[in-house]
Amino acid sequence: MKTNFDFLMPSVNFFGPGVIAKIGERAQMLNMHHPLIVTDKFLQGVANGPVAQTLASLDAAGITYAVYNAVEPNPKVRNIQAAKALYLAEHCDSIITVGGGSAHDTGKGTGIILTNGDDITALAGIETLTAALPPLMAVNTTAGTGSELTRHCVITNEATHLKFVVVSWRNIPLVSFNDPALQLDVPAKLTAATGMDAYVQAIEPYVSLNRNPITDAQCLQAIRLIEKHLRPAVANGHDLVARTGMVEAEMLAGMAFNNADLGYVHAMAHQLGGQYDAPHGVCCALLLPIVEQYNLLACPDRFASLALAMGENTAGLTTREAAELAIRHMRQMAQDVGIPASIKALGAKPVDFPLMAENALKDGNAFSNPRKGTKEELIALFQAAYDAE
Ligand code: NI
């Protein structure tokens, strides 16, 4: 019997040391016979690393596969085109991504152009997809973008330097695996950048216009966990307790913004990432205090609650004073984990800001920002992030 429903099953999120061993069995349950593994050469080369463990589990389940190993940071249209060509040449029937947000977004983008038309730039926006992607599972190795469990796919058009987002429930991987034991060797710098992304992804939905009581709870718990675990994870990558706490936090933040959406930090960070090919987490961390200072006017009570979740003592303070404390705390967090002070470090140039401001206002993450900005205001925010010391 054929139904009108094109999805296979609700998504399942496995979490904890050792969960990667389940992937072969899950691939069988999804009737995957020859998945395309989407990853990068570095991860593929790590002895007993995330790719090796994924393939070992698939081998044990008798599942064959092809490997696309050319994922780039800030995945480009050329990456998903190349992965699609390999998928078709190898007669694949499904996709398994192994890596951080770049691998998952490459896998999602490949799935999108396999079933929704070859020009992904025409699909930028919210709920633009009309056909199901091939079955997709995601093995996550950073904490993190949350892309292994969200409906967001972020791709850069290398011809125009425009980074855009395709937001659709059809993008959500059917199964995600977050195994903190696979994250112990992530370098401190990458831990800091991806951890700051998770931090921003817990803060933006908390002040988003689309927030609700459930996403609020997810955000506050994610923030408490990041406050406790990000600094230790940066200081010592092999701290399994800190890695586990960061995995919990990034999953909670991903679940929160999957429903409550993000805001101008992400809308503007995508412009920095697209224009200068800069690391997403660093872009977000640099913009966070600037944009939230600007947003404070819209919802000071929300920022006062954030200060409490961040561990600040707000007793005796006015709402405004507590809210300001939250902004200062965000700046301190970025500094503690080694994020540079200004977007100058990314190669940003003020001459680019007018176009970037215009494109940020069109980004799929802009609409839920609590304060409605003008192009001139966003230029001023980029300038403030440039002048920051
Ligand atoms: Ni992000």
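Two strands count as paired if DSSP finds at least two bridges between them, and the exercises below apply this to a predicted model.

**Exercise 1. Find the strands that pair with strand 6, and state in which sense strand 4 and strand 6 pair.**

Solution. Begin with strand 4, residues 94-99, which pairs with strand 6 over five bridges in the parallel sense. One position on this side can be followed residue by residue, since the bridge partner of Val-98 in strand 6 is Val-139. Then turn to strand 9, residues 175-178, which runs parallel to strand 6 and is joined to it by four bridges. Here Val-139 stands opposite Phe-177 of strand 9, and so Val-139 has a partner in strand 4 as well as one in strand 9.

**Exercise 2. Decide whether the residues of strand 6 are buried or exposed, and sort them by the way they point.**

Solution. Sort the residues first: Leu-136, Ala-138 and Asn-140 point one way from the strand, whereas Met-137 and Val-139 point the other way. Next compare the two groups, and note that all of these residues are buried. Because five of the five residues in strand 6 (residues 136-140) are buried, the strand is largely enclosed by the rest of the structure.

**Exercise 3. Describe how the nickel ion is held, and work out which class its site belongs to.**

Solution. List the donors first, which are Asp-197 through OD, Gln-201 through OE1, and His-266 and His-280 each through NE2, at 2.0 to 2.1 Å. Along the chain these donors follow the spacing D-x3-Q-x64-H-x13-H. His-266 belongs to helix 9 (residues 264-276) and His-280 to helix 10 (residues 280-295), so this pair ties together parts that lie 14 residues apart in sequence. Now look at the angles among the four donor atoms, which run from 85 to 160 degrees. A tetrahedral site would need all angles between 85 and 135 degrees, and the site of the nickel ion is classed as irregular. Finally, consider accessibility, for which the cut-off for buried is under 20%: His-266 is buried at 2% relative accessible area, and His-280 also counts as buried, at 16%.

**Exercise 4. State what volume the largest cavity has and which helices each supply at least two residues of its lining.**

Solution. The count gives one cavity of 30 Å³ or more, and the volume of the largest cavity is about 60 Å³. Its lining includes Thr-141, Gln-183, Thr-194 and Arg-243, and helix 6 (188-207) and helix 8 (240-260) each supply at least two residues. Sorted by class, the lining has four nonpolar, five polar and one charged residues.

Terms used. Residues are numbered from 1 along each chain as its sequence is written. This is a predicted model: local features need pLDDT of at least 70, side-chain atom pairs count only at pLDDT 80 or more; totals for chains, interfaces and linings use all residues. Side-chain values use heavy atoms; hydrogens and water are left out. On a 1 Å grid over the protein atoms alone, a cavity is a set of points where a 1.4 Å probe fits but cannot get out, and a pocket is an open set with protein on both sides within 12 Å along at least five of seven lines; lining residues have an atom within 4 Å of a point. Grid points are joined across faces, edges and corners, and a volume is the space filled by probe spheres set on the points. Ala, Val, Leu, Ile, Met, Phe, Trp, Tyr, Cys and Pro count as nonpolar, Asp, Glu, Lys and Arg as charged, and the others, Gly among them, as polar. Donors are N, O and S atoms within 2.8 Å of the metal (3.2 Å for Na, K and Ca); water is not among the atoms, so sites may look incomplete. Four donors count as tetrahedral if all angles lie between 85 and 135 degrees; four count as square planar and six as octahedral if opposite donors are over 155 degrees apart and all others between 65 and 115; anything else is irregular. Buried means under 20% relative accessible area, exposed over 50%, partly exposed in between (1.4 Å probe, protein chains only).
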